[in-house]
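Okay, thanks everyone, I'll keep this short. Have a look at the sequence and the model on the screen, and then I'll walk you through a few spots.

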Amino acid sequence: EPDAVRIELDPGLAFGTGTHATTRLCLEWLDGLPAPALQDRAVIDYGCGSGILAIAAVKLGAAGAAAMDIDPQALLATRQNAERNGVSDQVQTTADPQVEGRTADVLLANILAGPLVELAPQLAARVRPRGVLALSGLLVEQATTVAEAYRPWFDIGPIGTSDGWALLTGRRRAP
C-alpha cells in the first residue's frame with residue numbers, strides 16, 4: 001500500500017520479527033494512535049529486542065526513541081536495523097535498565113508478565129504525566145495481575161488480544 005510504513009528487519013539473534021501476536025498487537029496499537037499522540041514525542045522501547053517497536057514509532061512520527069535491552073545482541077540488532085531503516089539518528093540504544101534517567105511520552109514494553117509486574121514502579125517512573133504505555137508479552141489470563149500492578153499510576157484501558165496473548169494500555173495520571 002502506498003501509505004504503509006515499511007520496516008526492513010533482520011533480528012539477528014534478538015527477539016522481534018513482527019510476526020508474534022504480542023509484537024503485532026503493539027504495532028497495531030502504535031499505528032492506531034491518533035496522529036498527535038506520536039508526533040514529535042519521545043518513546044521508550046523497553047526490552048527492545050530487534051528494535052522493531054522503536055523503529056516503527058519513529059517512522060510513525062516520534063521525534064526519537066530510546067531502545068533498552070540488557071542483551072548485547074539485541075542492542076546490536078537494534079542499531080543495525082535502525083541504520084537499515086534510515087532512523088539511526090533517532091533511535092538510541094542503552095543497556096541501562098533506568099534508561100539513563102530518561103522519561104517519555106510513550107513507553108512500550110513487550111516482555112513477559114513476571115518482569116512487567118516486577119518493573120511496574122520503574123517503568124511508571126519513565127512515563128511523563130499524561131503519557132501512555134503499552135504492555136504486552138503476557139497471556140490473557142495474566143492481564144488482570146499486570147493491570148493491577150500499574151493502577152497506582154495509570155488509568156488502564158481495555159485490553160487487546162490475539163491468539164491468547166494480551167496488550168494492556170494506559171495513560172499516566174497527572175500528579
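I'll start with a helix pair and then move on to some single residues.

One thing up front: this is a predicted model.

So, the helices. As usual, two packed helices are described by the angle between their axes and the distance between the axes. Here the pair is α1, residues 21–32, and α3, residues 52–59, and they pack at an angle of about 15 degrees with their axes 10 Å apart. Anything under 35 degrees counts as roughly parallel, so α1 is roughly parallel to α3. The crossing of the two is right-handed.

Who makes the contact? On the α1 side we have T23, C26, L27 and L30, and on the α3 side I52, L53, A56 and A57. How do those residues divide into nonpolar, polar and charged? There are 7 nonpolar and 1 polar, with no charged residue in the contact.

Let me stay on α1 for a moment. Its length checks out: 12 residues at 1.5 Å a residue should span 16 Å, and the end C-alpha atoms of α1 are indeed 16 Å apart. As for burial, A21, T22, T23, L25, C26, W29 and L30 of α1 are buried. And what covers them? The cover includes helices α2 (35–38) and α3, plus strands β4 (104–110), β5 (127–139), β7 (160–162) and β8 (165–172).

Back to α3 and one of its contact residues, I52. I52 sits in helix α3 and is buried, at 8% relative accessible area. If you want a long-range pair to look at, take I52 and L119: they are 67 residues apart along the chain, and their C-alpha atoms are separated by 21 Å.

Now for the backbone, where I've got two residues to show you. V99 is not a glycine, yet its phi is positive, about 50 degrees. You'll find V99 in the loop between β3 (91–94) and β4. Buried or exposed, then, for V99? With a relative accessible area of 1%, V99 is buried.

The other one is D163, again a residue other than glycine with a positive phi, near 55 degrees. D163 is in the loop between β7 and β8. The cut-off for exposed is over 50% relative accessible area, and D163 comes in at 66%, so D163 counts as exposed. So put those two side by side on your screens: V99 is buried, whereas D163 is exposed.

That's my list, happy to take questions.

Technical notes:
Residues numbered from 1 in each chain as written. Predicted model: local features only at pLDDT ≥ 70, side-chain atom pairs only at ≥ 80, totals over all residues. Heavy atoms only, no water. Axes fitted to C-alpha atoms, helices over the stretch in contact; angles between N-to-C directions. Helix = DSSP H or I, 4+ residues; strand = E, 2+ residues; numbered from the N terminus. Parallel < 35°, antiparallel > 145°, perpendicular 65-115°, else oblique. Left-handed = near helix turned anticlockwise from the far one by under 90°. Contact = heavy atoms within 4.5 Å. Nonpolar A, V, L, I, M, F, W, Y, C, P; charged D, E, K, R; others polar. Expected span 1.5 Å × (residues − 1). Buried < 20%, exposed > 50% of the residue type's maximum accessible area, 1.4 Å probe, protein only.
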